[in-house]
Amino acid sequence: MIKFVPAQPAAVNINQIEVALSEIRNDAMSGWLDLPDNYDRDELANIKKAAQQIQNDSKFLVCIGIGGSYLGHKALIDALEKPSYTRVLYAGNSLSPRALNAVMQQIGDADFSVNVISKSGTTTEPAVAFRFFKEKLYKKYGKEGAAKRIYATTDAKQGALHGEAVQEGYTRFVVPDNIGGRFSVLTAVGLLPLAVAGADVDALLDGAKTEKDDYAREPNLGNVTAVQYAVTRSEYWKKKYDTEVMASFEPSLQYFEEWWKQLFGESEGKNHQGIFPASVVYTTDLHSLGQYMQDGRRNIFETMLEVEKVGEVDFAVPIIPGADVDGLKYLEDRKLSDINRIACMATMAAHRAGGIPVLEVIMPDLTERSLGALVYFFEYACALSAKLSGVNPFDQPGVEAYKTNMFGLLGKPVA
């Protein structure tokens with residue numbers, strides 16, 4: 001379903017790929033690999049039931065989480081732009097009082113529910129935010145009423161949030177033990193907010209399964225699109241291209257690019273190595289970073305995320321009689337989608353001429369099935385790309401450094 005067009009074909013070492021994939025499959029954190037086949041059907045039914053309840057009684061759902069606990073589902077919700085009575089808001093992804101106040105003010109006196117997403121329940125940013133929203137729920141609904149509006153996505157058996165959820169009677173969903181946060185968007189971590197936002201979660205999972213099945217049916221590993229992308233990235237890394245810029249001409253994919261940055265940055269940025277993931281949204285960023293992309297350092301390669309069919313809505317440039325005062329008569333009655341597509345073609349041609357290798361990742365449309373396939377494509381490619389660079393795709397030891405310093409400065413008691 002997902003197409004990949006390299007700047008130039010990369011040589012695929014089949015034996016090396018087979019070894020890397022075997023190591024991935026045998027890793028304790030590889031549950032995402034077969035998730036499209038063996039997800040918990042009973043939990044999915046409960047997710048849909050909970051989503052319906054939230055839609056019935058709340059104007060807002062506040063999702064409290066950071067990193068993989070919010071980026072994935074925000075990315076897909078933004079891309080889908082589904083109409084829903086219940087709007088999903090986000091908190092706990094920073095320590096900014098202005099950001100917290102903005103969400104509080106938006107809710108006002110309206111009915112709302114909370115989905116707190118944390119495997120441990122002790123990550124500082126979401127844990128602090130949860131306290132504020134619990135207080136707001138208590139004041140509005142009382143403690144018992146609040147408990148009916150709190151949905152905890154957390155560890156199945158242990159942790160601070162799990163213990164609180166059991167004690168207070170929150171509705172609980174599971175963060176799987178064998179799937180890390182940045183690979184978790186197609187688990188309960190992402191599926192509950194997505195269902196509340198009106199997404200067809202069955203179609204998301206079906207799209208991921210279609211992509212997975214396509215890989216399994218391909219007799220030649222070298223023809224698997226995600227393998228080609230991973231190998232191409234590895235080749236550019238060896239050639240000293242140390243920055244990859246993900247680009248799109250669709251603004252609704254901005255947060256998908258943010259999810260992609262976490263996925264690759266946290267998976268590969270270890271041992272003082274790894275390709276730095278950056279992102280742009282065109283044509284907007286052609287008027288800010290365009291000069292650098294065209295004429296700056298040539299340590300960059302660009303991956304263009306393209307959508308073959310953006311949607312049903314389109315506009316034609318209005319025909320305005322009279323003199324050509326704005327110089328746009330040549331565009332009159334031209335579809336905006338066509339102009340945007342040509343801008344993409346022109347940009348790729350200019351960047352290639354300027355010495356930037358441009359790769360293309362092409363999805364059919366902005367539907368749940370295509371987005372589910374795209375998630376699986378990037379997860380598969382990311383795990384393989386990290387393995388090819390000699391690092392563990394599934395840990396993130398560097399994330400603890402700021403926490404240790406912060407806890408010391410805040411005077412957190414030593415356990």
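The largest nonpolar core of this predicted model has 83 residues, and those with the most contacts inside it are Trp-32, Phe-256 and Phe-378. Helix α14, which spans residues 368-388, gives the most to this core, with 13 residues. One of the three best-connected residues, Phe-378, shows what such packing looks like at the level of a single side chain: leaving aside residues up to four places away in sequence, Phe-378 touches Tyr-229, Met-246, Phe-256, Trp-259, Trp-260, Leu-263, Phe-264 and Val-361. Apart from the core of 83 residues lies another core, of 23 residues, among them Val-62, Ala-91, Phe-112 and Ala-165. In soluble globular proteins, nonpolar side chains tend to be buried together.

With the cores in mind, the reader can turn to the sheets. Five strands form an open sheet in the order β1-β10-β9-β7-β8, and the pairing in it is mixed. Strands β1 (3-5) and β8 (276-281) stand at the edges with a single partner strand each, so one side of each is left without a neighbour in the sheet. Neighbouring strands of this sheet are turned by 20 degrees against each other on average, when direction is ignored. Within the sheet, strand β7 (residues 243-248) pairs with strand β9 (residues 300-309) in the parallel sense over six bridges, and Thr-243 stands opposite Ile-300 in β9.

Two helices that pack on this sheet can be followed in turn. Helix α11, made of residues 254-268, touches β7, β8 and β9, and its direction makes about 175 degrees with that of β8. Helix α14 also packs on the sheet, where it touches β7, β9 and β10 (358-365), and its direction makes about 145 degrees with that of β10.

The other sheet to follow is likewise open and has five strands, in the order β3-β2-β4-β5-β6, but here the pairing is parallel. Its edge strands are β3 (87-91) and β6 (171-174), each of which pairs on one side only, and the twist averages 20 degrees from one strand to the next. At the β6 end, strand β5 (residues 150-154) and β6 pair in the parallel sense over four bridges, and the bridge partner of Ala-152 in β6 is Arg-172.

Helix α6, covering residues 124-147, packs on this sheet and touches β2, β3, β4 and β5, while its direction makes about 140 degrees with that of β4. Helix α4 (residues 71-80) lies across β2 (60-64), β3 and β4 (112-117), and runs at about 145 degrees to β3.

Stepping back to the whole protein, its secondary structure comes to 15 helices and 10 strands. The radius of gyration is 23 Å, close to the 22 Å that the globule rule gives for 415 residues, so the protein is as compact as a globular protein of that length. Along the principal axes, the C-alpha atoms fill a box of roughly 65 × 60 × 45 Å. Buried residues, meaning those under 20% relative accessible area, make up 48% of the 415 residues, and the accessible surface comes to about 19600 Å², of which 52% belongs to carbon and sulfur atoms. Finally, among contacts between residues at least 6 apart in sequence, 79% join residues at least 24 apart; one of the residues to revisit with sequence separation in mind is Phe-378, whose contacts include Tyr-229 and Met-246.

Definitions and conventions. Residues are numbered from 1 along each chain as its sequence is written. This is a predicted model: local features need pLDDT of at least 70, side-chain atom pairs count only at pLDDT 80 or more; totals for chains, interfaces and linings use all residues. Side-chain values use heavy atoms; hydrogens and water are left out. Two strands pair if DSSP finds at least two bridges between them. Axes are lines fitted to C-alpha atoms, for helices over the stretch in contact, and angles run from 0 to 180 degrees between N-to-C directions. Contact means heavy atoms within 4.5 Å. The radius of gyration is taken over C-alpha atoms; the globule rule is 2.2 Å times the number of residues to the power 0.38. Buried means under 20% relative accessible area, exposed over 50%, partly exposed in between (1.4 Å probe, protein chains only). Accessible areas come from the Shrake-Rupley method with a 1.4 Å probe; for residues, only the protein chains shown count as cover. A nonpolar core is a set of buried Ala, Val, Leu, Ile, Met, Phe, Trp, Tyr and Cys residues joined through side-chain atoms within 4.5 Å.
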